[in-house]
Each structure stands twice: as C-alpha cells, then as structure tokens.
Amino acid sequence: MIEYNVTIETLSDTMLGSGESIPGFIDNDIKYDEYGIPYMFAKTLKGLIREQMEMLKEYASKDYAASIEELLGSTDIEGEKKLGKLKFTNVEVLPEVKYELMKAIQSGEVTPSEILDAMTVTYSSTRIDNTTGTYAPHSLRRERMVKKGILFQTKVYLDVTEYNKDYDKMIKDSFQALQHIGTHKSKGKGHVKCTVEVKK
C-alpha cells in the first residue's frame, strides 16, 4: 500500500457544492460538518481526478501507460462495479487546524456557526431583465463558498504490493493538473493548487 498525502489550497473563493439550501437564507450551500468546518466527499474528489486522468490520456496518451480503469475502477457491460486500486478519503481541513477548532468549541470560545462564518463567504446575485434593464423579480440567489486561502488535506491509498512508476506518474500529474473545482469555474471561482507527497 502506497499513501499519497495531498494538500489542496483554495486560491480563490470556492463552491464545494452540497446540493442543499437553507430556505430564506442560502440557495446553494457547501458541505460542512457539525463543527461548521467545510469538507468535500471522497467521491467528489475521485470524480475530479478521473476527469484529469481522461484529459491527460486524451492530450498526451504516449506519456501515460497506466490504465484509468485499473486505478479508479469501472462498470462492465453487465453493470457490475469493478473497484480500482486507488482509495480516496474525504477532503478536510488540516488535522491540526480541525483539532484546535474542535477544542475551541468544546471550551465555549466559539460556536460552529462562528467557525463556518469565518471560513466562508456568501455571495448574492440576481438576474437582469433584458427588456426593462432592471432586476428580474424573484431572481435573488445567495450562495456560500469556502474562502480563498483555506488549506485542505486528503489521503489517497494505492493498493499495490510494489512501486509502479506508471501508476505514480498518472496519480501525481492528475493532482497537479487539477486547478479548478466546484461550480462557477468559468467565473474565476474554485481555483486551487494541489501538492502531493508520497509515503511509501
């Protein structure tokens, strides 16, 4: 088993969408835990990495011998899911940061809502009516995003008995190619930087 420690830094405000909302307050919310700390599901990260691997294969196939299906799994013609060699964990803030935040909550210094407010920003937007040039009625939307400058970390495990340079290159390059996550990527949001360290 080879362990990849991945740090993800938000270089812009980032929408880690949850598909949930708070009626009357937030129309599009992020994922956060009971302490008010944002996070991203492992499944979401896996999908993002699959996109990067497919892009690398398409535009530089001669440089990448590793099979995406071997690494990430696939669904065969009978609909049976085949597991890949890569195992993902949830993307969370740095462990030492989470520990201090949890300790502050337990001591009563802060509340989960205060932590959530400190780590996120809320945007309001509305649609303009092309006919009148004024805002369209009932079009006001509010979205919560993770602030720029937040450091997240995840561990990815490669289930092999010995080092494989083709797997290693595909994994590292895919994370380094991942520069945008979440929604509103075309509007300058979700810009991230990934750093990968290997623990063999």
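A residue is called buried when its relative accessible area is under 20%, exposed when that area is over 50%, and partly exposed in between. The legends below use these words for close-up views of a predicted model.

**Figure 1. Leu178, a buried residue in a loop of the predicted model.** Leu178 belongs to the loop that runs between helix α5 and strand β10, the latter spanning residues 192-199. The relative accessibility of Leu178 is 1%, which is under 20%, so Leu178 counts as buried. When residues up to four places away in sequence are not counted, Leu178 touches Leu45, Leu48, Ile49, Gln52, Val192 and Cys194. The view may also include Met53, which is 125 residues from Leu178 in sequence. In space, the C-alpha atoms of Leu178 and Met53 are 9.7 Å apart.

**Figure 2. The whole protein, shown for orientation of the close-up views.** The secondary structure consists of five helices and ten strands. Of the 200 residues in the protein, 38% are buried. The accessible surface comes to about 11,800 Å², and carbon and sulfur atoms account for 50% of this area. Contacts between residues at least 6 apart in sequence were also examined: 69% of them join residues at least 24 apart.

**Figure 3. The salt bridge between Arg144 and Asp29.** Side chains of opposite charge can pair when their charged atoms come close. In this view, the side chains of Arg144 and Asp29 meet in a salt bridge, with a distance of 2.8 Å from N to O. The pair links distant parts of the chain, for Arg144 and Asp29 are 115 residues apart. Arg144 lies in strand β8, which covers residues 141-146. Asp29 is found in the loop between β1 (2-10) and β2 (39-40). Both partners, Arg144 and Asp29, are buried. The structure as a whole holds nine salt bridges, and two further examples appear in the next figure.

**Figure 4. Salt bridges of Lys165 with Asp166 and of Lys169 with Asp173.** Lys165 forms a salt bridge with Asp166, and the closest N and O atoms of this pair are 3.6 Å apart. Lys165 has a relative accessibility of 56%, which is over 50%, and therefore counts as exposed. Asp166, at 31% relative accessibility, counts as partly exposed. In the second pair, the side chains of Lys169 and Asp173 meet at 3.1 Å, N to O. Lys169 and Asp173 both belong to helix α5, which covers residues 165-177. The two residues stand four residues apart, about one turn of the helix. Are Lys169 and Asp173 buried or partly exposed? Lys169 counts as partly exposed because its relative accessibility is 35%. Asp173 has a relative accessible area of 19%, which is under 20%, so Asp173 is buried. Elsewhere, salt bridges that share partners join Asp33, Glu92 and Lys98 into one network.

**Figure 5. Lys172 in helix α5 and its contacts.** Lys172 is located in helix α5. With a relative accessibility of 27%, Lys172 counts as partly exposed, because this value lies between the limits for buried and exposed residues. Which residues is Lys172 in contact with, leaving aside its neighbours within four places in sequence? The contacts of Lys172 are with Tyr4, Val196 and Val198. Val198 is 26 residues from Lys172 along the chain, and the C-alpha atoms of these two residues are separated by 9.2 Å.

**Figure 6. A patch of negative charge on the surface.** Glu51, Glu54, Glu58, Glu69 and Glu70 gather in this patch. Two elements, α1 (42-59) and α2 (68-72), each give two or more residues to the patch. Which element provides the largest share of the negative patch? The largest share, three residues, comes from α1. Glu69, one of the residues of the patch, lies in helix α2. The relative accessible area of Glu69 is 45%, so Glu69 is partly exposed.

**Figure 7. Glu114 in helix α4.** Helix α4 spans residues 112-119, and Glu114 has its place there. Glu114 counts as partly exposed because its relative accessibility is 44%. The view may be extended to Tyr35, which lies 79 residues from Glu114 along the chain. The C-alpha atoms of Glu114 and Tyr35 are separated by 9.5 Å.

Definitions and conventions. Residues numbered from 1 in each chain as written. Predicted model: local features only at pLDDT ≥ 70, side-chain atom pairs only at ≥ 80, totals over all residues. Heavy atoms only, no water. Salt bridge = Lys/Arg side-chain N within 4 Å of Asp/Glu carboxyl O. Buried < 20%, exposed > 50% of the residue type's maximum accessible area, 1.4 Å probe, protein only. Patch = residues over 30% accessible without salt bridge, like charges linked within 9 Å, V, L, I, M, F, W, Y side chains within 5 Å. Areas by Shrake-Rupley, 256 points an atom, 1.4 Å probe, with all protein chains shown as cover. Lys, Arg positive; Asp, Glu negative; His and termini not counted. Charge placed at Lys NZ, Arg CZ, Asp CG, Glu CD. Contact = heavy atoms within 4.5 Å.
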